[in-house]
Amino acid sequence: MPEATTPAVQITNVRMIYHSPDGETEALRDISLTVKPKEFVSIVGPSGCGKSTLLSLIAGLIKPTSGSIEIEGSKVDGPSPKVGYMLQQDYLFPWRTVMENALIGLEIMGKRNRQSQRRVGELLSAYGLTGFENHYPRQLSGGMRQRVALVRTMATNPDICLLDEPFGALDYQTRLFIEEEVGRILRENEKTVILVTHDISEAIAMSDRVIVLSKRPATIIAEHQIELGLKTRSALSARNEAPEFKTYFRQIWKELDVHA
Amino acid sequence: MRNPEEITLTQYSQAHLAYLAKVKRYRRLILVARVAVLVAIVFLWELSARLGWVDTFAVSSPSRVMATMYRMAADGSLYYHTWITVWETTIGFTVGTLSGAAVAILLWWSNTLSKIMDPYIVVLNSIPKVALGPLFIVWMGNGMPAIIAMALAIAVIVTIMMVYNGFQNVDSNYLKLMQTFGATKGQMLRKVILPASVPTIISALKVNVGMSLVGAIMGEFLVSKAGLGFLIVYGGQVFKMDLIITGVVVLCIVSAFLYYLVSFLENRLLRWQE
């Protein structure tokens, strides 16, 4: 019941300053953002602007200098099982099989048992990895590895998924394909998603809302509700069929250009 | 595309069979050449000794070394001395590697501790460990404990340096990933740092086998009444080149054996790497 009213992620006046012996760097300045449950939000911005910092803050890996971050109404204080994180590369452990890699999160949380193992097996099959459970990551293609990474994230059943340019290391064709697939899976499972990317078209194709950040120190300079006149929403059809796609692209491109 | 193993052809083409035969021929050629080098050295050595080109008093000869070996094998002294050295090396190697790895884990666990200890480890690494020999003898007496201490001292510092470096070179994004699942430091050690460092640990082991053997032989030079190092030094003192070279040859065999033992272990542990 409170789910409808409580935002999935609530960021209020967050400021982040990094300290080093050489000086201090202001990465984020006065960021406020509300993400609704089941919403798919993308954050775009020039490289090095602090996009990843924002995700690390939401994931509870680091603490903000000032301001507050709340996940489903409670203040973030360290990593939470409600939040799943996908990194820029798959970071599968080469010494673990596909199955063992997919199980690592559950293992860490002490939730690895016969039941969860069977569920992960089903996830692997659902994502087209049947027959590869006992293979090692080196035996898989880039796209397949990224799918294993997705299973690993989904295995712990987080409500909120943070995606830090998870397709950046893939070749273009695989990237479009995986983008489409991951987008579909996350929507089907009703996850709240925050995707960080510097690829404007990826952001438009996948999300309900795109947030544009300025260069460092990053502030929010624009926000776009993406509304494409499509019957069913998919990343590929958004790119290929939606006439609004180009309009959004030009607009965001301009905003990034002005502030870069 | 279900299974990479399945797509390999069971019926090879003519060209592939020819390729396989070529690979096999090449491997055989390498093996034959290796043996030939050894045979040539032994043959030339024996020939020059027989023909009086060199003084057998100074360089001995293969047949005399063989005779010495045979005699020592018959009275059991060959096995005795070899066993002593292997035993000292094994203890020094095992204890040195384990304690070195333990120290490396401590240093990884506490960044502050590693910063504090850094200059001491650097100095301990650069000091020739043989200089510590007399200390070990005074502390532990004129015998095997001092020799094992020597082997251990050499192995332990190298292990600390190599293993700790390996730990630090683990991609920090793996740790970040673990952090997002809320992993503890102990979990990171067990599930990431240690398995990721297996290749480094193996190469540390390979270096250590040699290092411990050096330590054991140096120790035997300084104090002992038994072992291959003792044989070699004793041979030198009584001008018996046969004995020295016999000692060296057995040492070669021992070190090759120990090295391959570690290689075997490596193959077992690194199957995922292939």
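What follows is a short dialogue on reading a predicted model, in which two chains, A and B, are discussed.

Q: How do I describe two packed helices?

A: Two numbers do the work: the angle between the axes of the helices and the distance between those axes. Here, try helix α4 (residues 62-74) of chain B against helix α13 (residues 241-269) of chain B. They pack at an angle of about 75°, and their axes are 9 Å apart.

Q: What does that angle make α4(B) relative to α13(B), roughly parallel or roughly perpendicular?

A: Angles of 65 to 115 degrees count as roughly perpendicular, so α4(B) is roughly perpendicular to α13(B).

Q: Which residues in α4(B) and α13(B) meet?

A: Look for B:R64, B:V65, B:T68 and B:M69 on the α4(B) side. Facing them in α13(B) you will find B:D242, B:L243, B:I245, B:T246 and B:V249. By character, the residues of this contact between α4(B) and α13(B) are five nonpolar, two polar and two charged.

Q: Now to the two chains. How many residues does the contact take from chain B and from chain A?

A: The size of an interface is often given as the accessible area lost when the parts come together. Here we can go by residues: 16 come from chain B and 16 from chain A. On the side of chain B that touches chain A, α9 (172-180) and α10 (185-196) of chain B each supply at least two residues. The largest share of that side comes from α9(B), with seven residues. Sorted by character, the side of chain B that touches chain A has eight nonpolar, six polar and two charged residues.

Q: Let's turn to a strand. Is β9 of chain A mostly covered or mostly exposed, and which strands does β9(A) pair with?

A: Strand β9 (residues 209-213) of chain A is mostly covered, with four of its five residues buried. One partner is strand β3 (residues 40-44) of chain A, which pairs with β9(A) in the parallel sense over four bridges. Another is strand β10 (residues 220-225) of chain A, joined to β9(A) by five bridges and running antiparallel. A hairpin of six residues connects β9(A) to β10(A).

Q: Where can I find A:R209 in this pairing?

A: A:R209 lies in β9(A) and is the bridge partner of A:V41. A:R209 also stands opposite A:Q225 in β10(A).

Q: Finally, how is chain B divided into domains?

A: Chain B has domain 1 (12-54) and domain 2 (66-269). The C-alpha centres of these two domains of chain B lie 33 Å apart.

Methods:
Residues numbered from 1 in each chain as written. Chains lettered and ligands numbered in written order. Predicted model: local features only at pLDDT ≥ 70, side-chain atom pairs only at ≥ 80, totals over all residues. Axes fitted to C-alpha atoms, helices over the stretch in contact; angles between N-to-C directions. Parallel < 35°, antiparallel > 145°, perpendicular 65-115°, else oblique. Contact = placed C-beta atoms within 7 Å. Nonpolar A, V, L, I, M, F, W, Y, C, P; charged D, E, K, R; others polar. Buried ≥ 20, exposed ≤ 12 C-beta atoms within 10 Å, placed from the backbone. Pairing = 2+ DSSP bridges. Domains from an automatic or database assignment.
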